[in-house]
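Please look at the structure shown below, and then follow the text through the places where its chains meet.

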Protein chains: 2
Amino acid sequence: MPVATPISARDEDLANVTFNADGLVPAIVQEVGTGQVLMMAWMNDESLRKTLETGRTWFWSRSRQEYWCKGETSGDRQFVRQAFYDCDGDTLLFVVEQEGRGACHTGEHSCFYRAFGHGASTEAERRSAAPIGYGAAE
Amino acid sequence: MPVATPISARDEDLANVTFNADGLVPAIVQEVGTGQVLMMAWMNDESLRKTLETGRTWFWSRSRQEYWCKGETSGDRQFVRQAFYDCDGDTLLFVVEQEGRGACHTGEHSCFYRAFGHGASTEAERRSAAPIGYGAAE
């Protein structure tokens, strides 16, 4: 059973984060260990702080205009192990331990389950494209 | 010397991509092999097509309002090995072979070189936070 671990962020680091005109910043979620990119969603200042304070991922739903804590209803929770921001401060990266089936509401482990091209002509083939980017051992 | 390999995308897949009100979609770039998330930048429909057709990453600069091909001036080029889109079609993921120093204009290999918290009190300490998310062998 994963344990949520709060991250004590410095004010200096939080101040480096830049939100867009809607007060949002894109947050990439990557799986610890496998390195697989699981999903991308949006955070505002409050959901970023909740994420760091609780050690669970909190996002802002643009369609529903409300906070959501990943996995709170589905059980597919994310426990934050590391949190980064980029050179421009306008994108976040969270390395998480993914619980349950995975990150995608479709039941796929990652939301990025469909590939462009490389001769895959059916959805099944595109889904089964081997993800060569995951894991140094591959 | 890496070789650029075009990706033949199906119209059906391209049609699944959703652009925002500004005609843009966020594109995450991940390094093949290490799995390290290198950067995030924006693409429009034309730069997505150029990326797939040339096998190099092309983005749309919101500040300069122009196309840019990553590494064209710096030499830090990215050769696309796999391209994915997410369940909602509103985020892209490119797995690339990164040439040169790395993806970040600061000289860092990844743009996500600064971590929130975990007791790191100086910029040097925050930069040296071991990236536990990269590589299954770690």
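**Where chain A meets chain B**

In this predicted model, about 4800 Å² is buried between chain A and chain B, and 61% of that area lies on carbon and sulfur atoms. On the side of chain A, the residues that lose the most area to chain B are A:Phe112, A:Arg114 and A:Phe116, which together make up 18% of what that side buries. The contact draws on 58 residues from chain A and on 58 residues from chain B.

Turning to the polar side of the interface, the rule finds 12 residue pairs in polar contact across chain A and chain B, both residues being at pLDDT 80 or more. The elements of chain A that give two or more residues to the side touching chain B include helix 1 (11-15), helix 2 (45-54), strand 1 (25-31) and strand 5 (78-85). Of that side, the largest share, 5 residues, comes from strand 5 of chain A. When the residues of this side of chain A are sorted by class, 31 are nonpolar, 16 are polar and 11 are charged.

Salt bridges also cross the interface of chain A and chain B, where the rule finds 2 of them. In a salt bridge between the two chains, the side chain of A:Arg62 meets that of B:Asp90, at 3.9 Å from N to O.

Strand 5 of chain A deserves a second look, since 2 bridges join this strand to strand 7 (residues 114-115) of chain B, and the two strands run antiparallel. Within strand 7 of chain B, the residue that A:Phe84 stands opposite is B:Ala115.

Notes:
Residues numbered from 1 in each chain as written. Chains lettered and ligands numbered in written order. Predicted model: local features only at pLDDT ≥ 70, side-chain atom pairs only at ≥ 80, totals over all residues. Heavy atoms only, no water. Contact = heavy atoms within 4.5 Å. Buried area = accessible area lost by both parts, 1.4 Å probe. Salt bridge = Lys/Arg side-chain N within 4 Å of Asp/Glu carboxyl O. Polar contact = N/O pair within 3.5 Å; in protein donor to acceptor, adjacent residues only side chain to side chain. Helix = DSSP H or I, 4+ residues; strand = E, 2+ residues; numbered from the N terminus. Nonpolar A, V, L, I, M, F, W, Y, C, P; charged D, E, K, R; others polar. Pairing = 2+ DSSP bridges.
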